[in-house]
Amino acid sequence: MRREINDQGKLLIGGIPASVIAETYGTPVYVYDVARIRQNARAFVQTFKKHNIPAQVAYASKAFSSIAMLEVANQEGLSLDVVSEGELHTAIRAGFPVEKIHMHGNNKSLAELQMAVEYNIGCVVVDNFYEIALLTDVLAEKEKSMDVLLRVTPGIEAHTHDYILTGQEDSKFGFDLSSGQAEKAFQLLNANDQVTVKGLHCHIGSQIFETSGFTLATQKLFETMKDWRERFNYNADVLNLGGGFGIQYTEEDDPLELDQYAIALIDEVKLQSEKLNYPMPEIWIEPGRAIVGDAGVTLYTMGSIKEIPGVRTYASVDGGMTDNIRPALYQAKYDAVLADKMHQPAEKEYAIAGKCCESGDMLLWDVKLPNVEPHDLMAVFSTGAYGYAMANNYNRFGKAAVVFVENGEHQLVVRREDFEEITRLDLSYTKQEENNYETSND
Ligand SMILES: *Cc1c(COP(=O)(O)O)cnc(C)c1O
């Protein structure tokens, strides 16, 4: 795996010793190598450019949304997926071009749709019939129009290393193709002159290492597009194939280079267009993890070490499931090192625990490290996606800070939340006169 180390055996992140970041900002701290974010974004954007394919690479901002991150995404020519008022607000605050923002969600609220319409965002990815009714009302009331994509479930299932078509899919997202729901939704939307159906969308999963699932989905969506062209004289301008491109967390993960995913999509879309004599649609994709995942490292300070003879040795960090809930939530695996002992052999096996009052609060179950001592600095790799984004205040710990590193410089981009800020939303029950809060919102 990619590791930068200096002569003193210290881990470098974007050229800067991890220990300098830890000393400057404290721990736990998320550190992003911004050059890596840009490199990941360019792998997709440049591949479409090089092949002369009109495309939008929409960063799925749920993976890591912050003003600084969205500024970088915008600099790199990415579009943006948002799924809430909070994510849309962050995009607006970051000055993200509204026409490149797409809204997702399987239960969009009236307020979310109103906000999307008021800001004239680029498109809404319509997910269900309830949303069609809400959106229809919002557009009528505001006398506005909206481009939409229709989210469909193509019925694709992962089978170890292969993907197969199942005919139908058991998912909370999107319209089912095989039962005719997608067609009904299309007809409703297409009949509304305040709505333009730009095309179809599907998202088949996450942390996918092969291209077969994407090419199968492409074939499936083209079948529908061909059918709708013949029966409704409808041509899709856009084919959005979602995100889910896999990244390396540990040595066991063997993802493709990012441009290879784009090339596979381009090849299949071209093939299907030619075969069906269908005008080449724009290809849109929505990588989240693949843009930020391997650009992020979390730094922790080691504390208590508990050796249970014959069982295992627990070494605890000053963070845990509050800054990275993925191991507890879905047994996600990570790789870690002691950042100032990179020249020492990793000879002892440790279980790395968080500091929350919860046995499930573990970061790594078995990692080989040099001898761990209190105050050692630990770096956990590939924490850039769904780390800060899923951070929480369990045990009333404040959220960790986020630092960007680029061109040999480091900069704080999200402040650490301190314990004073933890009570900022709390109101007194017994001293209501001290509460500075309007109870009515109209
Ligand atoms: C989560 C999600 C993505 C991004 O997934 P990654 O695995 O982070 O690439 C893209 N599109 C949709 C619709 C999603 O729900």
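Here is a quick tour of a predicted model, from the ligand site out to the two domains.

Before clicking, note that residues are numbered from 1 along each chain as its sequence is written. Local features need pLDDT of at least 70, side-chain atom pairs count only at pLDDT 80 or more, totals for chains, interfaces and linings use all residues, and side-chain values use heavy atoms, with hydrogens and water left out.

Start by selecting the ligand and the 14 residues around it (a heavy atom within 4 Å of the ligand). K62, S206, G244, R289 and Y386 come nearest.

Next, show S206: a polar side-chain atom there lies 2.6 Å from a ligand oxygen. Y386 also brings a polar side-chain atom, 2.5 Å from an oxygen atom of the ligand. At G244, look at the backbone instead, where an N or O atom is 2.8 Å from a ligand oxygen. On its own the ligand exposes 390 Å², and the protein buries 93% of that (Shrake-Rupley method, 1.4 Å probe).

Now zoom out and color by domain. Pick 12-25 + 296-422 for domain 1 and 32-293 for domain 2; the bounds come from an automatic or database domain assignment. Their centres, taken over C-alpha atoms, are 33 Å apart. Finally, select the contacts (heavy atoms within 4.5 Å): 22 residues of domain 1 touch 19 residues of domain 2.

How values were computed:
A polar contact is a pair of N or O atoms within 3.5 Å; within protein, one must be able to donate a hydrogen and the other to accept it, and residues adjacent in sequence count only if both atoms are side-chain atoms.
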